[in-house]
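Thanks for sharing this one with me. Here are a few notes on the domains and the empty spaces, for you to follow with the model open.

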Amino acid sequence: MSVWTSLVGQRAAIEQLQTAVAGQGMSHAWLFTGPPGSGRSNTAVAFAAALQCEAGGLGPTCPDGCHDCRTVLAGSHADVAVVRTEKLTIGVKEVRELVRRAALTPMGKRWQILVVEDADRLTEQACNALLKAIEEPNPRTVWMLCAPTVEDLLPTIRSRCRLVALSTPTAAEVATFLEAKGCPADRASYAARASQGHIGRAKALAFDDAVRDRRQDIVAIPARLTTLGQCLAAAAHLAEVAKAEADEITAELDAREKVDLDAAYGVVERGRRPREYAPALRDLEAAQKTRAKRRQLDVVDRGLLDLVSVYRDAIALATGAAGELVNEDVRADIERIVQTSTPELNLQRIGWIFEAREQMLEFNVPVPLALESMMVALRVPAVTDRT
C-alpha cells in the first residue's frame, strides 16, 4: 500500500511531495492548485499521511498501511484537520478556530497539519486572520491550502506558500484507474472521456446509471434549442433537475442534523423545547438553506460544463482537430450543430455559458433566470435566420 495510490496522473506532483517528505524543500505552508477533479484535497491528504508516517507513506516500507497512514486517510488522525465547508464562503470565525489549533503542540511526535479545502472561498477577513498564522508559524505546524488557481488567493498568502500544481489526468489514465476499480473497459472509456479528467465525476459516471442518464439528457440539449419555447423548457428542466438532485443529496443530512439538535436540547425526553432551542434551530435551518443553495449551484455548474463540452466538440469537428470527441456518443447531434453554426459562433456560445455561470456563482442571479437567458442565447438559428 502507498498513500499515493489513489492519485491519478499526478506523477510530477507526487515526486515533488516525496522529496519534501524526505526532508528536502519542506515548507510550513503549501498551496495545491489544479482544475476541478484533479484531486487537490486528496493530494493534500496523501501528503499529510506521508508526513505523519514513519516510513513516508510508501508501500515497500509500510506494506499494510500503518496506524498513522490509515487514520489520516480515514479522516480520524488527531493531528490532521481537514476543513470542508458546505457554505458559499469560509468565514473568519472558522479560520480563527484553525489558527488556535495551529498554535497547539501536536499530540504525536511529528506534525500538526491543517488542510483547507476550497481556500478560494475564504472571505477577506478570514484571509487576514490566516495570513498572520502563516507568517508566524509554529515550528511543527503545516498549512495546506487547496484552490483552483494561485490567483484565487491573496498575493500575501500565496507568496508564503510552496506551490504544488496538479494537472488534468488524461483519458487513458482515468480509464485505467476505473478498470482497476472493476469497471468494464467500454464504460471506463466513456466515463474517462465524459468526465474530462474529473476523477470523482468519472467514478460516478462509471458506476451510477442515474448519473449517466442525467448527463445524456444534458448533452442532448444543444441540438434541441431551435425555438424560444424549447429554450425556456430546457432552462426550467435543468433548474428543476439540479434542485431535485441537490435536495436528494442534502435531505438525509438535514434530517440527521435535526435529530442531533433535538437530542442535544433534550426535546424528545422533556417533551418541550427550552428557550435556547429556537435560535439554535434558526441557525441550523439557515446553514442548511445555504448548503442546499451551494449544492444546487454545484449541480448546475456541472451541467454547464457538460454543455461546454458539446460546443467544444463542435469546434473540434468543424476545424478538423485531432483527437477523440468528448461526446462521441452524440456525434450526430454535434454534426447538426456544425452544419448550423461556425466555430466562431460556438466559441461565443461557450462564452455565454461561462457568463451565466459567473452570474449565478458571483452575482447571485437566480438560477432559473440565468439559465433562461443563456438558453435563448444558445438557440440554434432557424433556416430563415441563416438566409
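1. The C-alpha centres of domain 1 and domain 2 are 27 Å apart. This is a predicted model, and its protein chain is split into domain 1 (10–165), domain 2 (171–207) and domain 3 (228–378).

2. Do have a look at the second largest pocket, which encloses about 210 Å³ of space. Its lining has 16 residues, and the closest to the pocket centre are Ala-171, Arg-193, Arg-312, Glu-324 and Val-326. At least two lining residues come from each of α8 (185–195) and α14.

3. Where does the second largest pocket lie? Domain 2 (171–207) and domain 3 (228–378) both contribute residues to its lining, so the pocket lies between them. Sorted by class, that lining has 8 nonpolar, 5 polar and 3 charged residues.

4. Turning to enclosed space, the structure holds 1 cavity of 30 Å³ or more. The volume of the largest cavity is about 70 Å³. Two or more of its lining residues come from each of α10 (209–219), α12 (228–264) and α14 (277–319).

5. Which element gives the largest share of the lining of the largest cavity? That is α12, with 4 residues. The full lining consists of Arg-201, Arg-214, Ile-218, Leu-238, Val-241, Ala-242, Glu-245, Val-299, Arg-302 and Gly-303.

6. You may also like the chemistry of that cavity: its lining residues divide into 5 nonpolar, 1 polar and 4 charged. Among the residues lining it are Arg-201, Arg-214, Glu-245 and Arg-302.

How values were computed:
Residues are numbered from 1 along each chain as its sequence is written. This is a predicted model: local features need pLDDT of at least 70, side-chain atom pairs count only at pLDDT 80 or more; totals for chains, interfaces and linings use all residues. Side-chain values use heavy atoms; hydrogens and water are left out. Domain bounds come from an automatic or database domain assignment. On a 1 Å grid over the protein atoms alone, a cavity is a set of points where a 1.4 Å probe fits but cannot get out, and a pocket is an open set with protein on both sides within 12 Å along at least five of seven lines; lining residues have an atom within 4 Å of a point. Grid points are joined across faces, edges and corners, and a volume is the space filled by probe spheres set on the points. Ala, Val, Leu, Ile, Met, Phe, Trp, Tyr, Cys and Pro count as nonpolar, Asp, Glu, Lys and Arg as charged, and the others, Gly among them, as polar.
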